[in-house]
Amino acid sequence: MAENIHVRSALESIPSYVPGKPAPADAFKVSSNESPFEPLPEIRAALENELVGLNRYPDMAATTLRGLLAAEHGVGPAQIHVSTGASAVLGDLVRALADQGDEVIFPWRSFEAYPILVQSHGAVAVPIPLTAREEHDLEAIASAVTERTRLILLCSPNNPTGTVLEEVELETFLARIPDRVTVALDEAYVEFADPEVRADSARLFERFDNLVRVRTFSKVHGIAGLRLGYAIAHPRLAEALDKVAIPFGASSLAQIAACVALEEPARTELAARVEWIRGERSRVESALEGLDLGCARVPSHGNFVYLPLGERTGEFVQFALERGLVVRGYGSDGCRVTIAEEAANARFIDIAEAWQDQKG
């Protein structure tokens, strides 16, 4: 009987990851922080050429891609770890660093996968509430470190709130953390952040051996469907990550697409797309600034905006759905809306205005 099949008891307390809901035919989907742009023509052409070799395994070492990424970030190829998306990289970090019962600290609310990845690998999740301004409480995170702490996850810009860690505060924080504790900086949205505000993680990486930077090709590069992410880590940690990763995890299609995205003319076009999204984010935020939505405004540095609506979150999610917009609700905390096509952004503004008029 199926009920007699044994599964780990720990799974009973682990929440399931909830993806952004698909949109009905007459609605816009702005619930998954996907790029509104189709893959670049250069990437599509490279993928078509690669199809003939799909009967072969991909390069498990991702040699070419690692070389390009190493050059991009000014490190050696041995300091690059490639996996199937940033989520997989984070899971590799937990597996490589935390034994049963070891602790992993992360801000909350933040990326929804954090507690799932931590608990599913047998580690103990230690969530630290955000501040009243929806920012990382670095003081509380540092104070939560114990002898069992193995890993700290930080997300900047933070998903879903859009807040960013600035350089001075992050450097001060890292100086307080013991060398034995790895700090992973999840920078999935970093390209959307204003350069003058965000921390220079490359400089901090040179100073702190326990810092690892996590990146993805799902957002700016627009190849979320191919699943590719990577870590920039010091060689000992990068080697450990390679040991625990799923063999041949990074597909040949994902590798070739990423290589093309890192070269001209793709880089120039992707930079232009980032500027467009920043401009649309500014337009949306300016429109929201003049509205009374029943919640505080949270300036965003991601490709999304966040409304901390509290108990009215579910109500707003339904309100938007009825008007042709699928947004992402987070329990009784708030709602995240991706900056998407111009028409989708305009619809969000219209819905926000209608919400103000009826919220009472």
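**Exercise 1. The whole chain**

How many helices and how many strands are there in the chain? Then decide how compact the chain is.

*Solution.* The model is predicted.
- Step 1: Count the elements. The chain has 12 helices and 12 strands.
- Step 2: Take the radius of gyration, which is 21 Å. The globule rule gives 21 Å for 360 residues, so the chain is as compact as a globular protein of that length.
- Step 3: Box the C-alpha atoms along the principal axes. They fill roughly 60 × 55 × 50 Å.
- Step 4: Check burial. Of the 360 residues, 52% count as buried.
- Step 5: Look at contacts with a separation of 6 or more. Residues 24 or more positions apart account for 73% of them.

**Exercise 2. Helix H4**

Find out which residues of H4 are buried and what covers them.

*Solution.*
- Step 1: Locate the helix. H4 spans residues 113-120.
- Step 2: Apply the cut-off for buried, under 20% relative accessible area. By that test, 6 of the 8 residues of H4 are buried, and the helix is mostly covered.
- Step 3: Name them. They are Ala 113, Tyr 114, Pro 115, Ile 116, Leu 117 and Val 118.
- Step 4: List the neighbours. The cover includes helix H3 (86-97) and strands S3 (103-108), S4 (124-129), S5 (149-155) and S6 (182-186).
- Step 5: Look past the end of the helix. Gly 122 follows H4 and has a positive phi, near 90°.

**Exercise 3. Helix H8**

Why do the buried residues of H8 line one face of the helix?

*Solution.*
- Step 1: Pick out the buried residues of H8 (235-244). Leu 237, Ala 238 and Leu 241 are buried.
- Step 2: Look down the axis of H8. The buried residues fall within an arc of 100°, so they line one face.
- Step 3: Recall the geometry. An α-helix has 3.6 residues a turn, so residues three or four places apart point the same way.
- Step 4: Turn to the face away from the buried side. There sit the exposed residues Arg 236 and Lys 243.
- Step 5: Find the packing partners of the buried residues. These are strand S2 (80-83), H3, S6, strand S7 (211-216) and strand S8 (229-232).

**Exercise 4. Cavities**

How many cavities of 30 Å³ or more does a search of the whole structure find? Describe the lining of each.

*Solution.*
- Step 1: Run the search. It finds 2 cavities.
- Step 2: Size them. The largest has a volume of about 60 Å³. The second largest holds about 30 Å³.
- Step 3: Sort the lining of the largest cavity by class. It has 7 nonpolar, 2 polar and 2 charged residues. Glu 187 and Arg 198 are among the lining residues, as are Pro 157 and Val 164.
- Step 4: Do likewise for the second largest. Its lining has 6 nonpolar residues, 2 polar and no charged. Among them are Val 30, Val 284, Thr 338 and Phe 348.
- Step 5: Trace the source elements. Strand S12 (334-338) and helix H12 (342-358) each supply at least two residues of the second lining. H12 gives the largest share, 3 residues.

**Exercise 5. His 301**

Is His 301 buried or exposed?

*Solution.*
- Step 1: Place the residue. His 301 lies in the loop between helix H10 (266-289) and strand S9 (304-307).
- Step 2: Read its accessibility. At 13% relative accessibility, His 301 counts as buried.
- Step 3: List its contacts, leaving out residues up to four places away in sequence. His 301 touches Pro 157, Gly 162, Val 164, Tyr 189, Phe 192, Ala 193, Asp 194, Val 197 and Arg 281.
- Step 4: Link back to the cavities. Pro 157 and Val 164 line the largest cavity, and both touch His 301.

Methods. Residues numbered from 1 in each chain as written. Predicted model: local features only at pLDDT ≥ 70, side-chain atom pairs only at ≥ 80, totals over all residues. Heavy atoms only, no water. Buried < 20%, exposed > 50% of the residue type's maximum accessible area, 1.4 Å probe, protein only. Helix = DSSP H or I, 4+ residues; strand = E, 2+ residues; numbered from the N terminus. Contact = heavy atoms within 4.5 Å. 1 Å grid on protein atoms, 1.4 Å probe; cavity = no way out; pocket = protein on both sides within 12 Å on 5 of 7 lines; lining within 4 Å. Points joined across faces, edges and corners; volume = space filled by probe spheres on them. Nonpolar A, V, L, I, M, F, W, Y, C, P; charged D, E, K, R; others polar. Arc of directions from axis to C-beta. Rg over C-alpha atoms; globule rule 2.2 N^0.38 Å.
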